[in-house]
Structures are given as C-alpha cells and as structure tokens.
Amino acid sequence: MTPFRPMLEALTRQRGVRASLIVSENDGLVVDSSLRFDQDGDRVAALAASMYRKARLSARAARLGAVAFLQLDAERGRVCAVGGRSDLVIVVVADPAANVGLIRVELFKALESLE
Amino acid sequence: MSLVNYATREITCKIVYYGPGRSGKTTNLHYIYGQVPDDRKGRMVSLATQTDRTLFFDFLPLDLGSISGFTTKFQLYTVPGQVYYQATRKLVLQGADGVVFVADSQARQIDENIESFQDLHANLAEQGIDARSVPLVLQYNKQDLPRELILSTGELSDALNFRGVPEFPADALHGPGVFETLRSIAEGVLKRLSAGTSAGVTAGSRG
Amino acid sequence: MNIATVEPWVEAPLRRFVDDARARLALLLHPSGQVVAQAGFTREVDVMTACALAAASHATSGELGKRVDGHAFRSLHYTGPDRQLFLSPVNTARGAYICLTVFNGESSLGLVRMYFEELCHDLAAAAPPLPAAPRPTIAADFELDLNRNLAALFGREPAAT
C-alpha cells in the first residue's frame, strides 16, 4: 500500500465518486488509485493526465497562470482534477449528481497533504 | 525469413556472417561497405566494444537492385565471435535466410573454427531449424598470410565442409573472395526463395 | 502522415494508432529486424537501421527477462531529453511482430500504452490467415540479374556463368 492510499480512499468515500487516482502528468501512468468496479484506471489516468496537461499549457499560453481546478462535465458523469507543483495530478471520476463543491474542497485538501 | 512484397515487388533477405572471434566477419562488411556505391547501401551500424570487437552485431543494408523484376534488398549482419557472446549470437541468427561462415585460415585457429561451426549448428537446431535447409557458404579468410601460418583450402575444407557447400578462399582485408562469397550466398538464398521453401511470403499494398 | 506497408491489413490500424496516441512514428517489424510497416514522421529516422536495433533490443530484453524473471520481458520504454521509445510485441494470426513507437511531449507513456492495447486488438482482428504455401517468385533469368547487380554493386564486370 502506498502512502497515498488513505487519502484516495477518503476521496472515493465521497457520495457519487466512482474513482480517485494519483497520476503522473508527464507519463500518464497511475501512481495509485482507489476504484469502484467498472472503472479502467489506466485509461482514465492516461486521458486525464493528457487533458490536465493540455489545460495547464492552455492556461499558460493565455497568460492565466497555473490551473487551479479542472472540471469536465460529460453526459454520464464528470472528471475533476487538481495538480500542484509536482508532476502529480489528483483525478476524481464522479456521477453527474455528485456534489462538485464538496469534491473540490476534498481535492484541495488532498493536494495539500500531497505537497 | 525473407520478406516478399508482391505489390511493390520487393524482397528483403537477412544474411548473417558467422564465425569465431577475429576471423574477419566485420572486415568482410567493411570491405563491402567500402566498395558499394552510396546509392546502393544504407548506413553501416556497428555495436562494438572499446577495443573494436563486435559487441552485438554489425549491420549493413544493401540494395542489390532488380532481380527478375523484384527490387532485392539484403541485410547483412555479423555476430560477435567471442565464446562469451553466445546469447547475442543466437539473437542475431534469428530469422536468417542465409549464413556465411567466416573461418580463420590460421593453423592455430582450427579448433576455434570447428567449435564455432558446431556452435552455429547447435544454435540453429535450438531455434528448430535444420541446418541443412539454410543456405550456407564457407569463407576461408586470411589466405594472404604466410603459408607456414595457414591451412590450405583443402585442409580447411576437410575439417569444416562436410556438407559440401560452396567455399571460397579470401583476404577480406583487401577484397579477394569477399565478392564471390556474397554472390554465392545471395544466389543460394534467392534460389531457395524461388523454390518456395522460405517462409514469410506476404502480399503487399502500396509502398 | 506518411505510411508505407508490406502488408495491407496493417495500414489502417497502424495509422489510427499513430493518430490516437499522438505518436511521432510507429514501425512494425519482424522479430528478425525486417520492416513490415511504418507510419508517421518516417523521415526522422533511418527506418531499416532503427528496425534492426529495435529487434536486437527487444530480443535482448526478452532474454534478460528469462534470466532475471524466468519469463521474457515484453515491453520496453526508453526516455531521452525530447523523445521516448516504446517497444512491445504484437501477436497476430500472421505471426509475431514488434512495434516501435516514438513519441514526444505531445503524448505520454500512458497514452501510448493505452492505444497500443487497441492496436494489438485491431491487428489481431485484421490479420488474415497465413497463405497455404509461398509462391515461387524468381524467374529463370535471375542468375543473369544477380550477376549484373552484384557486378554493379562492386563496380566490376559480371562474371561469366
């Protein structure tokens, strides 16, 4: 078990959260994850890392500074991600009805503990 | 394994120069590289140690030209001869369409020649290949050395050529025998392909 | 994108893989080092040499794996300052191939691995069965052609046959 596991399990315990992962932004690989059934962690990690990287580069190109919080709303759910100074990004996959505000707060708390 | 592309009418064959350490395998490739026009050869790659012994292999792609309407390309490889590179010899031998065995004509090297020749057959057998089915040419290199130091072609033939395959005396450093060896193995490989006994024939699309 | 293939059924899956994974280049080769297909920015490398080296590297890691782990290591990942390599085998009804993927910061190892799995699946599905018997390919005049070409290679007159 990695030191990240308690933090990830705390995130996955939030209502409506299907998966939480720590992902290397550069590699797109899972560092650790807490997944409910029916989630392919490797795929989510690869695509979420790529998306986060693109968002970070876009924000920089537009002179907006660092990305604070990334949220993707889709038909059947949403993906939220936060990243800090390191290469690591915390990603959460949640149901459409999940409380994004709460997830956001928990993600920032998790990021603090990561750094 | 020869690769045949019917659509672009291309044939690619792999030829491996095998033999004991310092017998002149890399020298053969260097001579060929030096003689072949630029438009007929690719870059020669040598994975060698600091003392210029072949560590993994030498690689020389050659464009032979059109044979019966097929653009024919040969990929020449050498294996490292030293005994302790057994594992890499096996790897380079994989998929070979033909083998040139480069023997060192020096009398004191006869045991190394025989050991390496047996090693070749053992490695082919380990890959499930009947050595008799693979085109093989023997080259007795360093025939330019003083006579008292070397064995004659006949003596080397008695020791190594029990299959009666094509054999050539050579001086790979200066060229004699190198061309004849390559010609012979190319002929053997292409004749075998012509007879339809080589695996890996494929259909093709656009190139 | 440049694409060239020896085997037509390889073309669509390989092209899709390069697009999806945002790879610079993908080479499909035989374990013996011969090129089967290439897609992407193929002018960036000497393809034939890259395939020879990739086959050697793959074979080496396989053997190393057998000695270290009892089983051949399957995939390899190398990183350089600007480019990365991913080397992995693909099994199809036509036999085993190796795929060499070159990518940069536009992609990631995770993305390449993910789409590589799809490539394996697509190639396995697309591969036609092996032909029953290889066709003879060389006509009777091949010896003349062979002599002419070898003579041209070495800059000398064809030998009398």
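Start by selecting Lys191(B) and Glu187(B) in this predicted model. Both residues belong to helix H5 of chain B (residues 178-194), where they sit four residues apart, about one turn of the helix. Show their side chains and you will see a salt bridge, 3.0 Å from N to O. Now switch on a surface and compare the two ends of the pair. Lys191(B) is partly exposed, because its relative accessible area is 39%. Glu187(B), at 11%, falls under the 20% cut-off and is therefore buried. Side chains of opposite charge can pair when their charged atoms come close.

**Across chain C**

Next, pick Arg16(C) and Asp122(C). Their side chains also meet in a salt bridge, with 2.9 Å between N and O. This pair links distant parts of the chain: Arg16(C) is in helix H1 (residues 11-21) and Asp122(C) is in helix H3 (residues 109-126), 106 residues apart. Arg16(C) is partly exposed at 39% relative accessibility, and Asp122(C) is partly exposed too, at 22%.

Zoom out and colour chain C by secondary structure. You should find four helices and six strands, and following the sequence gives the order β-α-β-β-α-β-β-β-α-α. The chain has 161 residues, 53% of them buried. Take the contacts between residues at least 6 apart in sequence: 51% of these join residues at least 24 apart. The area that chain C exposes is about 7300 Å², with carbon and sulfur atoms supplying 55%.

Stay on the surface of chain C and select Leu64(C), Val68(C) and Phe73(C). These three form a nonpolar patch, with about 290 Å² of accessible area together. Leu64(C) belongs to helix H2 (residues 47-69) and is partly exposed, with a relative accessible area of 48%.

**Two arginines in loops**

Where is Arg22(C) in the chain? Look in the loop between H1 and strand E2 (25-29) of chain C. Check its backbone: phi is positive, about 55°, although Arg22(C) is not a glycine. The residue is partly exposed, with a relative accessible area of 29%.

Then jump to Arg22(B), in the loop between strand E2 (10-18) and helix H1 (25-35) of chain B. Here phi is about 65°, a positive value in a residue that is not a glycine. Arg22(B) counts as exposed, at 55% relative accessibility.

**Into chain A**

Select helix H1 of chain A, residues 5-12. Which residues of this helix are buried? They are Met7(A), Leu8(A), Leu11(A) and Thr12(A). These residues lie on the same side of H1(A), because they cover an arc of only 135° around the axis. To see what covers them, add strand E1 (17-24), strand E2 (30-35), strand E5 (88-94) and helix H3 (100-114) of chain A, which are included in that cover.

While you are in chain A, show Arg78(A) and Asp73(A). They form a salt bridge whose closest N and O atoms are 2.9 Å apart. Is each partner buried or partly exposed? Arg78(A) is buried at 15% relative accessible area, whereas Asp73(A) is partly exposed at 49%.

**Where the chains meet**

Bring all the chains back into view. Chains A and B do not touch, and their nearest C-alpha atoms are 30 Å apart. Two pairs of chains do touch, and the pair with the most contacts is B and C.

Focus now on the boundary of chain A and chain C. Ten residues of chain A are in contact with twelve residues of chain C. The size of an interface is often given as the accessible area lost when the parts come together. For chains A and C that buried area is about 900 Å², with carbon and sulfur atoms giving 50%. On the chain A side, select Asp27(A), Leu29(A) and Arg43(A): these lose the most area to chain C, together 41% of what that side buries.

Keep Arg43(A) selected and add Glu118(C). What joins these two side chains? A salt bridge does, with the closest N and O atoms 2.8 Å apart. One salt bridge is found across this interface, and the count over all chains is 22.

Terms used: Residues are numbered from 1 along each chain as its sequence is written. Chains are lettered from A and ligands numbered from 1 in the order in which they are written. This is a predicted model: local features need pLDDT of at least 70, side-chain atom pairs count only at pLDDT 80 or more; totals for chains, interfaces and linings use all residues. Side-chain values use heavy atoms; hydrogens and water are left out. Patches are made of residues with over 30% relative accessible area and no salt bridge: like charges are joined within 9 Å, nonpolar side chains (Val, Leu, Ile, Met, Phe, Trp, Tyr) within 5 Å. Accessible areas come from the Shrake-Rupley method with a 1.4 Å probe; for residues, only the protein chains shown count as cover. A salt bridge is a side-chain nitrogen of Lys or Arg within 4 Å of a carboxyl oxygen of Asp or Glu. Buried means under 20% relative accessible area, exposed over 50%, partly exposed in between (1.4 Å probe, protein chains only). Contact means heavy atoms within 4.5 Å. The arc is that of the directions from the helix axis to the C-beta atoms. Buried area is the accessible area (1.4 Å probe) that two parts lose on being put together, summed over both.
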